[in-house]
Structures are given as C-alpha cells and as structure tokens.
Amino acid sequence: MSRIGRSPITVPDGVSVALAPGEVSVTGPNGAMVRRLPAGIEVHQDGATLSVTRASDETSQRALHGLTRTLVANMVTGVTTGWTKELEIIGVGYRAAANGSSALDLSLGFSHPVSFTAPEGVTFEVPSPTRIVVKGADKEVVGQVAASIRKLRKPEPYKGKGVRYAGERVLRKAGKAAK
C-alpha cells in the first residue's frame, strides 16, 4: 500500500468536506474547491480525518492512490492557509507594479510594458518593485501563474537578468574569452 496514500488527512476547524460519488468538495475561509476523483479511488470521512482508499492493487490504482491523497491534502491546506509563490526580478530597469490586486504591469526590457491579469482566485502583492508574491487557494493555479510570469523573461545565463523564483539559483556561463 502507498505510504503517502494510507496516511490520514486532518481536517481543521472551520473547514467542511462534502463527499459525493467520484467527487470531493472542500470549503474553508479562503474559498471552496472541488475535485473529481479517479475511478476506483474513494475518500472516506471519519470525524475530523479523511482517508483515501483504492479498489484494487492494479498498477494504475496504486499510482493514483498517493497522488489523490496529496491533491486532497493540498485542497484542505489551500482553503485554510492558502499557497504562495515568490518571484524576484533581476535587471536594470526591470520592475513590477500592482494594478489592483489581480493585475500586474511589468517592465522587463521590452519596448512596451507587459500587463498580466490573474485568473479567478489568484491575487498579487508587490512588496517592492523587484518582488512579486502570487497568492491563492489552488496550489496548481498559483504555480502555473508564477511559471507564466517567469516565462515572460526567463533568467539568462550570462548576466542572470530576468524573472526567477525566490531562492532559485541560476547557473552562470562564462562570457567570451578575450585574446
């Protein structure tokens, strides 16, 4: 049995879980999330704990057991505390400005500023012109939005300019050797 899949999920106070055939709904202070379950995977609630079980020991069932448990645990964490990703902007003249809580204006060395609008449920904070904090309840959406912002100007290997995750190391290359 999957080591991750068999560990229970603790549901904190203020979070309600609704189970339907093939579906899990989690509602909390930060919003509500719904996820469809793969065939053969079931979620059971016993008081303040959730457990994920599988119907058989087939390879596909075993592969989805731990994944489903982790996705449901991420839903519970998302509706209680939420998820964040921090980005850093490195480069002369590169900066970000918040345009409300769901839009960014980015100056990334192009001839025009780039506007980026957040999808539903994701907000931006700009504590300084070179830092962006992406927040939301859905871990997958927060990660995808952060990756989309990073994709606008990836860190280049010679000077390290661009948008990177906070704490990300960029391997630098040596420039041309002088003769």
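## Contacts and the overall fold

Two residues are in contact here when heavy atoms of theirs lie within 4.5 Å. With that in hand, welcome to the chain shown above, which is a predicted model.

The fold is built from 3 helices and 13 strands. Its radius of gyration is 21 Å, well over the 16 Å that the globule rule gives for 179 residues, so the chain is more spread out than a compact globule. Along the principal axes, the C-alpha atoms fill a box of roughly 65 × 45 × 20 Å.

## Surface, burial and charge

Of the 179 residues in the chain, 34% are buried. The accessible surface comes to about 10600 Å², and carbon and sulfur atoms account for 52% of that area.

If you care about electrostatics, the chain carries 24 positive and 15 negative side chains. The centres of these two sets lie 15 Å apart. As for how sequence maps onto space, take the contacts between residues at least 6 apart in sequence: 49% of them join residues at least 24 apart.

## Helix α2 and Thr-68

Helix α2 covers residues 59-80, which makes 22 residues. From its first C-alpha to its last it reaches 33 Å, close to the 32 Å expected at 1.5 Å a residue. Just after α2 comes Gly-82, with a positive phi of about 85 degrees.

Thr-68 has its place in this helix. Is Thr-68 buried or exposed? Its relative accessible area is 3%, under the 20% cut-off, so Thr-68 counts as buried. Setting aside residues up to four places away in sequence, Thr-68 touches Leu-37, Pro-38, Ile-41 and Val-52.

## Val-24 in strand β3

Strand β3 runs over residues 23-28 and includes Val-24. This valine is buried, with a relative accessible area of 0%. Beyond its neighbours within four places in sequence, Val-24 is in contact with Val-17, Ala-18, Leu-19, Met-33, Val-34, Arg-35, Leu-37, Val-43 and Met-75.

Among the residues that Val-24 contacts is Leu-37, and Leu-37 is also touched by Thr-68. Asp-57 lies 33 residues from Val-24 along the chain, and the C-alpha atoms of the two are separated by 22 Å.

## Ile-149 in helix α3

Which element holds Ile-149? Ile-149 sits in helix α3, residues 139-152. Like Val-24, with its relative accessible area of 0%, Ile-149 is buried at 0%. Its contacts outside the four places on either side in sequence are Leu-87, Leu-104, Leu-106, Phe-116, Phe-124, Ile-132, Val-134 and Val-163.

Pro-129 is 20 residues from Ile-149 along the chain, with 15 Å between their C-alpha atoms.

## Two loop residues: Ala-137 and Val-92

Ala-137 belongs to the loop between β12 (131-136) and α3. Although it lies in a loop, Ala-137 is buried, with a relative accessible area of 13%. Not counting residues up to four places away in sequence, Ala-137 touches Asn-30, Met-33, Gly-78, Trp-83 and Gly-121. One of these, Met-33, is also in contact with Val-24. Gly-82, the residue with the positive phi just after α2, is 55 residues from Ala-137 along the chain, yet their C-alpha atoms are separated by 4.5 Å.

Val-92 is found in the loop between β7 (83-90) and β8 (95-98). Why does Val-92 count as exposed? Its relative accessible area is 82%, and exposed means over 50%, so Val-92 qualifies. Val-92 and Arg-54 are 38 residues apart in sequence, and 53 Å separates them in space, C-alpha to C-alpha.

Key:
Residues numbered from 1 in each chain as written. Predicted model: local features only at pLDDT ≥ 70, side-chain atom pairs only at ≥ 80, totals over all residues. Heavy atoms only, no water. Helix = DSSP H or I, 4+ residues; strand = E, 2+ residues; numbered from the N terminus. Rg over C-alpha atoms; globule rule 2.2 N^0.38 Å. Buried < 20%, exposed > 50% of the residue type's maximum accessible area, 1.4 Å probe, protein only. Areas by Shrake-Rupley, 256 points an atom, 1.4 Å probe, with all protein chains shown as cover. Lys, Arg positive; Asp, Glu negative; His and termini not counted. Charge placed at Lys NZ, Arg CZ, Asp CG, Glu CD. Expected span 1.5 Å × (residues − 1).
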